[in-house]
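This report looks at a protein chain and its surroundings, moving from one residue outward to the whole. Please keep the sequence and the structure in view while reading.

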Amino acid sequence: MPVLAVLVILGALPWIIAAAPASPDDAAAMQSIANTTGAGALGWGVKSADPCDGSWVGVSFDDARRVASIRASRAGLAGWLYASDLSKLTFLTELDLGFNGLTGQTGGDLPLLPTPLQHLRTLDLRSNRFLGVPEGFFAAFPALETINLDDNPTVGPRFRPDDVLTCSGLQSFSVNNISLSLFPDYLGSAAAFPALESLSLARNELHGAIPAGFGNDGNIVPRRQWSEFTPHRAHRPVHRRHEEPRGGPFANTVSVDVSANPRIDKPC
Ligand SMILES: *[C@@H]1O[C@H](CO)[C@@H](O)[C@H](O)[C@H]1NC(C)=O
Ligand SMILES: *[C@@H]1O[C@H](CO)[C@@H](O)[C@H](O)[C@H]1NC(C)=O
């Protein structure tokens with residue numbers, strides 16, 4: 001009966017699609033990540049070499065069977081995150097490996113990807129063991145919206161402004177407690193970061209005054225209010241004034257947290 005045959009085929013279609021394995025490139029990269037980060041404990045690569053078969057906890061994929069997100073925070077991972085593996089996951093939109101024991105392959109640095117991940121919007125590597133931020137790190141994530149690098153034992157990290165400026169879609173930038181000493185004043189530019197909502201720079205070694213021009217082309221509150229940010233008045237976010245949006249794309253307020261930076265001056 002042809003109708004029945006069609007129904008049977010249609011009924012089997014989702015199963016046939018669902019059974020398609022992950023892209024071989026993604027599978028190889030994921031297997032290598034499983035190897036170097038100790039994610040075997042999460043079941044990665046144990047039952048199956050296919051990261052899209054459901055046995056890889058925290059790994060999800062898109063309709064084309066490409067790895068789309070990896071959520072493995074507080075997973076007891078320890079080892080190395082290789083740049084060459086990450087950069088093969090070309091459809092990755094979210095990577096959350098926070099609260100683990102990961103470090104970088106090259107001198108413990110955060111991974112410097114050989115080719116950018118064009119779709120990565122969320123990157124969370126907080127509370128790991130990364131020791132540095134290589135020049136060009138940010139340029140590998142042109143679609144980045146949210147990044148959290150808090151609580152890594154980085155030694156005197158310096159962000160190159162032209163590197164960070166490649167992430168013009170940033171909404172949330174959090175680098176608490178990474179021994180940052182230079183104030184990233186370019187992040188106050190609403191022209192460069194029109195979508196920015198949250199800037200967290202707490203528990204660092206920022207020193208000197210907040211640069212005079214900070215936020216001048218945006219709607220960040222007048223500088224006199226920075227005096228609220230002495231260490232004993234921590235955690236009081238300052239907001240961009242939004243009563244007088246200067247014609248620009250400023251529907252948002254931006255919270256800026258520079259609390260617990262013992263060496264930061266009152267700016268005025
Ligand atoms: C992962 O580790 C296994 C076992 O040690 C090894 O056979 C395999 O080649 C490794 N795969 C990759 C992609 O590194
Ligand atoms: C800062 O991060 C380190 C890890 O690099 C952690 O051990 C420490 O507790 C954190 N300090 C604060 C004040 O959060």
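In this predicted model, Phe 141 touches Pro 116, Leu 117, Leu 120, Leu 123 and Cys 167, if residues up to four places away in sequence are left out of the count. Phe 141 also belongs to the largest nonpolar core, which holds 64 residues, and together with Met 30 and Val 67 it touches the most other members of that core. Several elements each supply at least two residues of this core, namely the helices α2 (24-37) and α3 (83-86) and the strands β1 (59-61) and β2 (67-71). The largest share, which amounts to five residues, comes from α2.

Turning to the chain as a whole, one can list four helices and eleven strands, and of its 268 residues 40% count as buried. When contacts between residues at least 6 apart in sequence are considered, 70% of them join residues that are at least 24 apart.

Which residues surround the ligands, and how do they divide by class? The table sets out both shells.

| Ligand | Surrounding residues | Classes in the shell |
|---|---|---|
| Ligand 1 | Ala 28, Gln 31, Ser 32, Asn 35 | one nonpolar, three polar, no charged |
| Ligand 2 | Asp 151, Asn 152, Pro 153, Asn 177, Arg 203 | one nonpolar, two polar, two charged |

Read row by row, the shell around ligand 1 contains no charged residue, whereas the shell around ligand 2 contains two charged residues.

How values were computed:
Residues are numbered from 1 along each chain as its sequence is written. Chains are lettered from A and ligands numbered from 1 in the order in which they are written. This is a predicted model: local features need pLDDT of at least 70, side-chain atom pairs count only at pLDDT 80 or more; totals for chains, interfaces and linings use all residues. A residue is near a molecule or strand if its C-beta atom, placed from the backbone, lies within 6 Å of it. Ala, Val, Leu, Ile, Met, Phe, Trp, Tyr, Cys and Pro count as nonpolar, Asp, Glu, Lys and Arg as charged, and the others, Gly among them, as polar. A residue is buried if 20 or more other C-beta atoms lie within 10 Å of its own, exposed if 12 or fewer, and partly exposed in between; C-beta atoms are placed from the backbone. Two residues are in contact if their C-beta atoms, placed from the backbone, lie within 7 Å. A nonpolar core is a set of buried Ala, Val, Leu, Ile, Met, Phe, Trp, Tyr and Cys residues joined through C-beta atoms within 7 Å.
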